Amino acid sequence: MSDLSKLQAWMADALQRRRAIERDPELVAQARGRIGGNDRMAPESQLEVYREQFWLRHTSCLVEDFEALGAITGQEAWERLVEEYLGTHPPQSFSLRDLGETLPEFIVGCTWLPRHDLCTDMARLEWAYVEVFDAADTPPLAVDKLAAIDESAWQSARIELSPALQLLSVGYPVAALRRKIRLHEDWQLPDAAEPQHLVVYRGGDRNLHHDVLSELAFALLLQLQQGTPLVPAAEAVASAHPDSASTLEAELSDWFQSFTARGFFSEVHV
Amino acid sequence: MGVGLRVPHYKVVIADRPAVDFFEVISENFMVAGGKPLYHLDRVLETYPVVQHGVSLGIGSPAEPDRDYLKRLKALTRRTKTPWVTDHFCWCAAGGANLHDLLPLPYTKEAVARVAERAKMIQDFLELPFALENTSSYLTYTDSTMTEWEFISEIAERADIGLMFDVNNVYVSAYNHDFDPFEFVHSVPHERITQIHLAGHTNLGDYIIDTHTGHVIDPVLELYRHSIELAGPVSTLIEWDDDIPELNVLLAEAERARNVRTTALAARAERKARGAAENAVARPQERYRFERPVPNADAVHGWRQGGPREREATP
């Protein structure tokens with residue numbers, strides 16, 4: 001490793017330390033060998049400017065992306081969560097947009113969090129919003145194009161879901177809670193679990209929305225998202241929910257109209 | 001005379017189409033797949049020239065520039081039709097972490113060689129003029145063997161690239177590291193200046209942070225006047241990234257700079273008319289003396305290049 005790269009590796013490590021540099025005598029000694037300082041600021045104080053900034057910048061970015069999670073954990077737990085997350089998952093992408101990508105996965109192991117299940121759901125939901133916000137643009141599938149497909153083709157026709165759409169099952173009504181928190185309305189943590197199936201999507205106005213779906217509609221969309229052609233997808237859902245087969249048959253047409261109107265589909269491959 | 005395109009101004013820019021010569025965008029904010037960022041960029045491009053400025057290349061980092069990053073950057077240049085691409089003389093990542101900061105490089109021959117070689121490669125890859133910006137810095141390295149202006153000049157010459165000359169950064173680093181900002185301004189290869197940046201900053205007494213907030217201070221405008229007299233009619237951009245004011249305040253700041261620029265260009269023309277070299281502006285004879293306010297230990301130290309990211313509108 002070159003002298004330059006060694007210096008940078010040392011500095012990168014120093015800037016990610018959780019505690020002030022002046023509190024680590026060994027690091028202070030190293031800083032005095034590498035950093036110039038001046039008559040107003042010691043070398044470790046100059047380095048500390050950048051260390052402080054590392055934490056300020058990344059914490060504020062996570063607060064923006066996980067505002068509701070931060071609200072429900074409370075300040076102390078949030079700070080611990082951020083410190084542990086950044087400590088074990090140092091930012092790697094060039095873009096701060098990606099900073100929270102692995103937080104939903106990381107938080108699964110943070111069982112010390114109060115209301116851990118709720119926090120896990122909220123982290124997944126908030127990351128879904130980030131993903132949907134700048135996902136690829138695709139024109140919504142036209143109703144005419146869908147209607148023109150011969151009935152016999154649906155056995156093998158695959159419907160492609162919009163990239164700006166995320167499906168997630170949660171144990172608590174986190175979407176409604178998130179909305180209240182972001183609007184600074186009165187909110188309370190839910191007392192009991194209330195499983196929901198959510199779709200988070202970007203509308204034609206490019207604003208983000210969420211809807212609560214029925215179990216069957218959600219299961220069908222999941223099948224389609226996995227690339228299952230329509231008829232086998234409906235059969236798979238009916239097979240998994242034998243008591244609801246008649247409901248599925250009765251509502252399939254309405255669901256499709258509704259999904260199409262909301263831009264859930266981007267293409268159909270016959 | 002341009003201004004940085006920032007999220008709080010999107011609505012008024014797209015609706016009212018105010019008179020602005022050009023906008024600068026932070027490249028990384030638009031290196032996304034779709035959604036509102038690209039929609040808003042396309043609406044701005046309908047009316048205005050746009051230049052791209054990056055904050056994440058980290059050209060001096062230990063690892064070679066990321067090919068995927070460069071491909072996405074190049075794809076964005078096709079969309080914006082930017083006349084050039086700029087980033088910073090800095091490093092951003094090491095030891096497996098991207099620190100998302102414009103970290104200063106030691107001014108050494110090794111760093112010159114690393115950055116120059118990569119800058120040349122990037123300019124070839126992008127097929128556009130490429131320029132690097134002098135950063136504000138808050139520390140110096142004991143390894144450095146040359147001044148900052150020697151460092152950036154040597155890289156620019158060796159790589160045959162442009163300089164994004166940030167006059168406020170010159171002032172900030174001069175204040176922080178006790179050198180004469182006029183020596184910096186007078187020592188760089190002026191013919192290589194692609195564009196000039198101006199911004200406000202936050203003076204904490206012991207040091208200044210390049211927060212890009214508030215008005216450009218008069219001493220920086222004086223350095224700017226010298227820069228224009230030396231470099232000629234290069235374009236100029238006002239950056240304002242924190243406590244972002246109404247667009248008309250930002251545009252008024254641009255007019256303030258335009259007046260300085262007009263005066264500087266008139267001085268060049270006057271020299272030319274009397275047969276002197278246009279850029280024969282004298283450097284102040286006395287070393288520049290900074291006024292240092294009482295240190296403010298409680299001041300918030302945060303700063304962010306490029307202003308807030310575009311985010312989902314509440315709720």
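**Exercise 1. How many residues does helix α5 of chain B have, and how far does it reach from its first C-alpha to its last?**

Before the solution, two notes on conventions. This is a predicted model, in which local features need pLDDT of at least 70 and side-chain atom pairs count only at pLDDT 80 or more, while totals for chains, interfaces and linings use all residues. Residues are numbered from 1 along each chain as its sequence is written, chains are lettered from A and ligands numbered from 1 in the order in which they are written, and side-chain values use heavy atoms, with hydrogens and water left out.

Step 1. Helices (H or I, at least four residues) and strands (E, at least two) are DSSP runs, numbered from the N terminus. Helix α5(B), residues 148-159, has 12 residues.

Step 2. The expected span of a helix is 1.5 Å times one less than its number of residues. For α5(B) this gives 16 Å, and the helix reaches 17 Å from its first C-alpha to its last, which is close to that expectation.

Step 3. Buried means under 20% relative accessible area, exposed over 50%, and partly exposed in between (1.4 Å probe, protein chains only). Among the buried residues of α5(B) are Trp149(B), Phe151(B), Ile152(B) and Ile155(B). What covers the buried residues includes α4, β8, α6 and α7 of chain B.

Step 4. After the helix comes Asp160(B), whose phi is positive, near 55°.

**Exercise 2. Describe the barrel of chain B and the helices that lie across some of its strands.**

Step 1. Two strands pair if DSSP finds at least two bridges between them. In chain B, 8 strands close into a barrel in the order β1-β2-β3-β4-β7-β8-β9-β12, with parallel pairing. The twist averages 30° from one strand to the next.

Step 2. As one example of this pairing, 4 bridges join β8(B) to β9(B), residues 193-199, and the two run parallel. Phe165(B) has Ile196(B) as its bridge partner in β9(B).

Step 3. Axes are lines fitted to C-alpha atoms, for helices over the stretch in contact (heavy atoms within 4.5 Å), and angles run from 0 to 180 degrees between N-to-C directions. Helix α3(B), residues 67-80, lies across β3 and β4 of chain B and runs at about 165° to β3(B), whereas α4(B) lies across β4 and β7 of chain B, at about 140° to β7(B).

**Exercise 3. Work out the order and pairing of the open sheet in chain A, and its helices.**

Step 1. The open sheet has 3 strands in the order β2-β3-β4 of chain A, paired antiparallel. Its edge strands are β2(A) and β4(A), each of which pairs on one side only.

Step 2. The antiparallel strands β2(A) and β3(A) are joined by 6 bridges, and in β3(A) the bridge partner of Leu167(A) is Val199(A).

Step 3. Helix α9(A), residues 174-182, packs on the sheet and touches β2, β3 and β4 of chain A, its direction making about 55° with that of β3(A). Helix α10(A), residues 215-225, lies across β2, β3 and β4 of chain A, at about 130° to β2(A).

**Exercise 4. Why is there no bond between the sulfur of Cys92(B) and the closest cysteine sulfur?**

Step 1. A disulfide is a pair of cysteine sulfur atoms within 2.5 Å, and the structure holds 0 disulfides over all chains.

Step 2. The closest cysteine sulfur to that of Cys92(B) is in Cys90(B), and because it is 4.1 Å away, it is too far for a bond. Cys92(B) counts as buried, at 2% relative accessibility.
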